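Please walk me through this model, one region at a time. Where should a reader look, and what is there to see?

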2 protein chains.
Amino acid sequence: MANSLNLTIDRSSPVPLYHQVVQGIQDAITSGELEPGHKLENEIDLAAALNLSRPTMRKAMDELVRAGLLVRKRGVGTQVVSSQVRRPLELSSLFDDLTAQGSKPTTDILTFSHVEADAEICTKLGLAAGAKVYHFTRLRKVAGKPLALMENWVRNDIVDIDEAGLSQQGLYSILRKGGVNFRLATQSIGAAIATELQAKLLETTPGAALVTMERTAVDDTGRLVETGRHVYRADQYTFEMTLVQR
Amino acid sequence: MANSLNLTIDRSSPVPLYHQVVQGIQDAITSGELEPGHKLENEIDLAAALNLSRPTMRKAMDELVRAGLLVRKRGVGTQVVSSQVRRPLELSSLFDDLTAQGSKPTTDILTFSHVEADAEICTKLGLAAGAKVYHFTRLRKVAGKPLALMENWVRNDIVDIDEAGLSQQGLYSILRKGGVNFRLATQSIGAAIATELQAKLLETTPGAALVTMERTAVDDTGRLVETGRHVYRADQYTFEMTLVQR
DNA sequence: GTCAAATGTTTGTACTGACAATACTACATG
DNA sequence: CATGTAGTATTGTCAGTACAAACATTTGAC
């Protein structure tokens with residue numbers, strides 16, 4: 001045990017050294033090279049083996065601890081946490097998640113308008129009364145089967161949005177291309193019963209269980225860019241996440 | 001703007017300096033002293049003003065960025081994020097969350113046994129076939145109204161659990177007192193329809209919406225300590241969280 | 001007047017060095 | 001045999017410094 005991690009660090013690469021270490025260890029864990037419970041060498045030796053300083057090594061391990069892949073204990077050492085491929089819930093769009101999984105999602109635009117925001121939306125997006133927003137509802141399908149019904153409001157002073165673009169790609173992708181750098185989002189997950197309309201669109205029965213999600217996203221300048229209410233078919237979608245103790 | 005944070009640092013305190021800064025800024029934000037959108041002084045000046053080194057100051061701000069309270073941009077500066085005070089979803093028990101809110105939750109023990117784990121539970125807890133576990137179901141009420149129905153399995157080689165203790169305090173509290181230091185958990189949130197039995201216990205109607213949650217928790221030695229399936233009344237409970245872009 | 005280059009500000013990354021706090025082990029002591 | 005104590009290993013915290021990269025603004029050229 002405690003063999004020196006088969007890693008190579010490229011100092012001429014633009015990707016930060018600590019991030020190269022994060023990637024390397026992550027790969028070693030997912031590939032099974034580092035088994036659950038395996039004890040790593042101590043920080044100082046690891047750093048020396050890779051010709052890095054201890055703070056850099058530590059920063060890398062910090063990230064992995066936060067991501068839930070490693071567990072540290074003072075005076076003892078660092079261990080690979082027990083198994084199962086688990087991705088922490090990150091700030092990403094459903095569209096991106098699905099394509100990353102290899103699915104080919106499609107989007108039906110149900111409604112699309114450019115209107116004055118009502119009081120509730122103004123509050124949620126931190127806008128002055130009377131400001132205009134994009135408002136649209138979409139139906140997301142995978143392999144022809146409906147998965148989610150999404151209603152969103154987006155402020156209109158950042159990116160121009162049109163119906164054609166929305167049907168081709170995810171909302172977040174459009175916003176990112178428009179120069180929006182998302183930083184964080186607050187979301188709330190709950191449950192509800194399908195109404196007749198929802199059931200019809202999602203091709204299920206009224207009274208079926210739905211997962212509900214409300215989200216408001218903030219960009220790197222602190223603007224509240226987007227807010228939305230989504231519902232998912234409970235038999236086809238759950239939110240997976242990893243919680244880390246601070 | 002950019003007035004120097006009204007903070008005092010106690011160097012003789014056992015609490016780390018960076019954490020004192022985190023607390024201080026957090027308090028300033030929640031108290032409204034630092035308004036959303038407010039731009040902070042730069043790291044170097046802030047550090048100097050508090051007689052701290054820049055790495056220490058940075059570490060404090062890092063935490064706040066991860067917690068979703070601050071937003072940073074290279075070449076520009078650091079801002080207080082404009083948002084409602086919402087704490088990120090942390091690894092905590094329902095019981096603790098409720099008491100922290102000022103509620104006084106009660107627990108009814110519905111079943112309690114000490115049995116051989118079946119194959120599924122063995123897998124989830126990483127146990128050898130035939131290992132014994134505690135298995136119990138509880139009904140959690142707040143102000144006399146039922147909120148959650150919880151079924152849990154706990155490995156039995158760490159802490160002794162009895163029915164009396166469970167009815168008095170939360171599971172996590174018991175485990176912590178038994179020397180378990182939780183580090184992370186994976187959980188999955190979805191939705192379902194109340195069965196007749198569930199409806200009866202939760203004092204709602206069959207077919208009502210329920211939020212479902214499955215969780216497996218890991219301690220600081222990498223042991224899979226506990227796994228459980230919970231259902232909550234959707235009209236009384238949602239999961240709130242903050243997602244931070246890495 | 002418009003576009004490009006230079007400049008300054010601020011955060012991002014990285015290194016070195018030092019000491020403190022905690023956990024485990026082995027040993028001595030009663 | 002039990003118990004406390006010292007020593008060792010490992011992570012946790014903190015200081016100080018240097019340079020790189022991204023961004024915003026000003027300056028300069030055409």
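Begin with two buried rings: Tyr237(A) and Phe239(A) are both buried. This is a predicted model, and every value below is computed from it. The two rings form an aromatic pair of the edge-to-face kind. Their centres lie 5.2 Å apart, with 90° between the planes.

Tyr237(A) has a second partner. It pairs with Tyr232(A), and this time the rings are stacked. Here the centres are 4.4 Å apart and the planes differ by 10°. Planes under 30 degrees apart count as stacked and those over 60 as edge-to-face, so the two pairs get their separate labels. Tyr232(A) is buried, like Tyr237(A).

Now widen the view to the other rings. Over all chains, the count comes to 12 aromatic pairs. Elsewhere in chain A, ring pairs join Phe112(A), Tyr134(A) and Phe136(A) into a cluster.

Rings also meet charges. In chain A, the charged end of Lys59(A) sits over the ring of Tyr18(A), 4.6 Å from the ring centre. In chain B, the charged end of Lys59(B) sits over the ring of Tyr18(B), also at 4.6 Å from the centre.

Turn next to the DNA. How many residues surround DNA strand C? There are 24. The closest are Arg11(A), Leu17(A) and Thr56(A) from chain A, and Arg54(B) and Arg58(B) from chain B. By class, the surface near the strand holds 10 charged, seven polar and seven nonpolar residues.

Which elements build that surface? Chain A brings helix 1 (17-30) and helix 3 (54-67), each with at least two residues. Chain B brings helix 2 (43-49), helix 3 (54-66), strand 1 (70-73) and strand 2 (77-80), again with at least two residues each. The largest share, four residues, comes from helix 3 of chain A.

What part of the DNA faces the protein? Of the atoms of DNA strand C within 4 Å of the protein, 74% belong to sugar or phosphate. The rest belong to bases.

Individual contacts show each of these parts. For the phosphate, look at Thr56(A): a polar atom of its side chain lies 2.6 Å from a phosphate oxygen of DNA strand C. For a base, look at Arg54(B): an N or O atom of its side chain is 2.8 Å from a base nitrogen of the strand. Arg74(B) completes the tour. An N or O atom in the side chain of Arg74(B) is 3.1 Å from a sugar or linking oxygen of DNA strand C.

Definitions and conventions: Residues are numbered from 1 along each chain as its sequence is written. Chains are lettered from A and ligands numbered from 1 in the order in which they are written. This is a predicted model: local features need pLDDT of at least 70, side-chain atom pairs count only at pLDDT 80 or more; totals for chains, interfaces and linings use all residues. Side-chain values use heavy atoms; hydrogens and water are left out. A residue is near a molecule or strand if one of its heavy atoms lies within 4 Å of it. A polar contact is a pair of N or O atoms within 3.5 Å; within protein, one must be able to donate a hydrogen and the other to accept it, and residues adjacent in sequence count only if both atoms are side-chain atoms. Ala, Val, Leu, Ile, Met, Phe, Trp, Tyr, Cys and Pro count as nonpolar, Asp, Glu, Lys and Arg as charged, and the others, Gly among them, as polar. Rings of Phe, Tyr and Trp (its six-membered ring) pair if their centres lie within 6.5 Å; planes under 30 degrees apart count as stacked, over 60 as edge-to-face and the rest as tilted. Buried means under 20% relative accessible area, exposed over 50%, partly exposed in between (1.4 Å probe, protein chains only). A charge sits over a ring if NZ of Lys or CZ of Arg is within 6 Å of the ring centre and within 35 degrees of the ring normal.
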